[in-house]
Amino acid sequence: MRKPKVRTALLVSLLLAATALSGVNPPNASAASDPAAVAVTVDARAGLATVPDTALGVNHAIWDQNLGTPETSDLLRDAGVQMMRYPGGSYADIYHWKDHTAPGGYVAPNTDFDTFMAAVKRVGAQPMIIANYGTGTPAEAADWVRYANVTKGYGARYWTVGNENYGNGHYGSAWEADDHPDKSATQYARLVVEYADAMKAVDPSIKVGAVLTMPGNWPDGITAGSDPGPWNQTVLSIAGPKIDFVDVHWYPGGSAADSLARTSHIPDATYLLRQQLRRYAGPNADRIGISFTELNVDAGRTTQPAALFLADAYSELLENGIFTVHWWNVHNGIGTVTEVAGQTDYGDFGMLSSGACTEDGSVCEPPLNTPFAPYHGLSMMKLFAKAGDQFVQAGSDEPLVSAHAARRRNGDLAVLLVNKDPDNAHPVTIDYAGFTPSTAAPTVSTLANGATGIATGQSGSATTRTLPAYSLTTLVLRPAGATAGRPSAPGQPTASGVTDRSATITWPAATPGGSPIAKYEVYRQNGGLSEQLGETAATSFTVGNLVPGSRYTVNVVARDTAGRVSWSSPPLTFATGGPAASACTVRFTTNSDWGNGYIGGVEIVNNGTSPINGWTLTWTWPTGWQQVSSGWSATWEQVGTAVRVTPTDDNRQIAAGGSVIAGFVGAYSGPNVLPTAFTLNGTVCATG
């Protein structure tokens, strides 16, 4: 029976691998056998996103004959799956739902839409349906909505227009079917508008999504043909007012260590996505959600690296407000067989075994539906983060140990610890702020390397733990005191009057609990330990002494007259820039972006009345994966993330009212967050 052995979207990950993150080193196998304790901090005052009821997702595919079986559905239900995607990646752009065909592809028996929806119901999940853009029409998509929600009453809410449609050859690589003569981002966006209008005319309650690419990943930053800008900018500028969410995929590529390190890209990638939404998608862009409906790794797909990556990436994405995250795939088929960290890896993108063998029959997977490691990673997410929980900030001083935390409605706190070191156990000490754990032994769940399931029991303390090598550990802690009677959390804060040095934070009032509210406390997130910026009895506070060109995430908590403290407000993130007026102005430009680099320029303007004789321009890159590769018309130096630019002999002087221009080649291997503050001879410049 023919079915895909290699996911076509992996051409993306091959391109990503070509731009591997520089400076990432593999775990040190010669590290001391008794490493120093890792310091983990958990700050319940630093609230992040709330866990949605669509958080944990998986992909189903019409070439999987086990798509609708009770055994498969029951395994997905047991793992906590809340959303299921259909009809399967690139197949969506050749699939015609009415006759259940996919010309050019294989369609397994018992995989039609009604069978899929029966499986969704058995799992207790919601569907995410991909309307055929590549070889379909808006009318076909509208008919599908009518059949699903009017004829059958399925209440299918989420519909995406196409899958990875930037892979249609417009940027050079072509794996995605697209019969339209015009394959531009502009044409895709125009048709998204037609799809959304046609589909919502049938059922106005549905949510329609458009395909974007993840910042820092191909073809992000590249402009092709007559499009006015790169894919994301073009799609959002045209279709933004008509869509309800955007859909992104991510295959980080590289070795197991590379994939596990690249989860650090997620906060900056989601920050840039939201910047793009606000800049290009029109009014009220904050209503537009973000889904990540394909994730997987290149190395260790059925073994522990995939489980660790899944738990770490799902947690990071959900903390940053992504409303659903989906693993590719439920079943997929055997690939290249290797050994990873002492375990046989079948190179299978599925989280459940297909029971398949290599073509020569020399190696066979375990029996059908045997769970692979990522299935257990998803099951750990079910234990860690439940719908309605609020993620809170957690941090670690060891790059090979990640920490995540979530506060539960009943007052409990769950902590997820990820040891990415394949060779060494790591002792950890955990410090808590805004939460006092009880002295009772926590409930501990552990997924060890090579384990066939999660071990759960009660043991140890809330503050110390030893993490086995290559493991996932979740602690569930009870609070030391009663939580009843506390005020409600303050509402979503907003920022106004943001300057280079200050911002005014305003929030909806909290509802009192057992006692009147005495004051509000404003905190800035700072790793795993927040710092208090101030307090007030009002619902607005002006924060001063901010650093130009910096990103701030703040929360507000309410404290009542009895000393009870509310949950944290949702987070607010804002960025300061340069001053509105200064003795100098810097204009920073980027041109000819090719996906992991660009031609950059800085123009330095002397706004003073006297010439500048000799100058030094400095800035700091927002991330560790950005650099100046080379430059001209100046001397360029970079140490760490700090850039220093000094003049050549012929441009040492900047006349009053005059300017000098210097250029450079910029490089990046992750989300390219541009600097917004520049200092000239010790003076912070305006930006223009």
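G209 stands opposite F245 in strand β7. That pair is a good place to enter this predicted model. Strand β6, residues 207-211, is joined to β7, residues 245-250, by 3 bridges, and the two strands run parallel. Helix α8, residues 266-280, packs on the sheet these strands belong to. The helix touches β7 and β8 (289-295), and its direction makes about 135 degrees with that of β8. Helix α9 packs on the sheet as well, touching β2 (56-59), β7, β8 and β9 (324-327). The direction of α9 makes about 165 degrees with that of β9.

Now step back to the whole sheet. It is a barrel: 8 strands close up in the order β2-β3-β4-β5-β6-β7-β8-β9, with parallel pairing. On average, neighbouring strands are turned by 25 degrees against each other, direction ignored.

Follow the barrel onward from β7. This strand pairs with β8 in the parallel sense over 6 bridges. Within that pairing, H249 has E294 of β8 as its bridge partner. Next comes the pairing of β8 with β9, again parallel, over 3 bridges. Here F292 stands opposite V325 in β9. How much of β8 is buried? The count is 7 of its 7 residues, so the strand is largely enclosed by the rest of the structure.

Two residues show the barrel from other strands. M128 lies in β4, residues 126-131. Its relative accessibility is 0%; buried means under 20%, so M128 counts as buried. Leaving aside residues up to four places away in sequence, M128 touches M83, M84, R85, Y86, Y158, T160, F245, S291, T293, F323, T324 and H326. Among these contacts, F245 is the residue that G209 faces. S291 and T293 fall within β8, residues 289-295. T324 and H326 fall within β9, residues 324-327. The C-alpha atoms of M128 and R157 are separated by 7.6 Å, though the two residues are 29 apart along the chain.

W159 sits in β5, residues 158-161. It too is buried, with a relative accessible area of 0%. Beyond residues up to four places away in sequence, W159 touches I129, W144, V145, A148, N149, M199, I206, K207, V208, G209 and F245. Both members of the opening pair, G209 and F245, are therefore on the contact list of this buried residue. W159 and R85 are 74 residues apart in sequence and 9.6 Å apart in space, C-alpha to C-alpha.

Return to α9, residues 304-319, and look at its helix partner. Two packed helices are described by the angle between their axes and the distance between the axes. For α9 and α10, residues 373-384, the axes come within 7 Å and cross at roughly 35 degrees. The crossing is right-handed. Which residues make the contact? From α9 come Q304, A306, A307, L310, A311, Y314, S315 and L318. From α10 come A373, P374, G377, L378, M381 and F384. Taken together, they divide into 11 nonpolar, 3 polar and no charged residues.

Outside the barrel, there is an open sheet of 3 strands, in the order β20-β21-β24, with antiparallel pairing. Strands β20 (494-496) and β24 (540-543) stand at the edges with a single partner each, so one side of each has no neighbour in the sheet. Neighbouring strands here are turned by 30 degrees against each other on average, direction ignored. Strand β21, residues 503-506, is joined to β24 by 4 bridges. One opposed pair is A503 with V543 of β24.

Another strand worth a stop is β13, residues 401-407, which holds V401. This valine is buried, at a relative accessible area of 3%. Not counting residues up to four places away in sequence, V401 touches V38, S396, V418, N419, H426 and L467. K420 is 19 residues from V401 along the chain, and their C-alpha atoms are separated by 6.0 Å.

How far can these coordinates be trusted? The protein chain averages a pLDDT of 94, and 95% of the residues score at least 70. Residues 1-33 are another matter, with pLDDT below 50. In the model this stretch has 65 contacts beyond near neighbours in sequence. Where pLDDT is low, the predicted coordinates should not be read in detail.

Notes. Residues numbered from 1 in each chain as written. Predicted model: local features only at pLDDT ≥ 70, side-chain atom pairs only at ≥ 80, totals over all residues. Heavy atoms only, no water. Axes fitted to C-alpha atoms, helices over the stretch in contact; angles between N-to-C directions. Left-handed = near helix turned anticlockwise from the far one by under 90°. Contact = heavy atoms within 4.5 Å. Nonpolar A, V, L, I, M, F, W, Y, C, P; charged D, E, K, R; others polar. pLDDT = per-residue confidence, 0-100. Pairing = 2+ DSSP bridges. Buried < 20%, exposed > 50% of the residue type's maximum accessible area, 1.4 Å probe, protein only.
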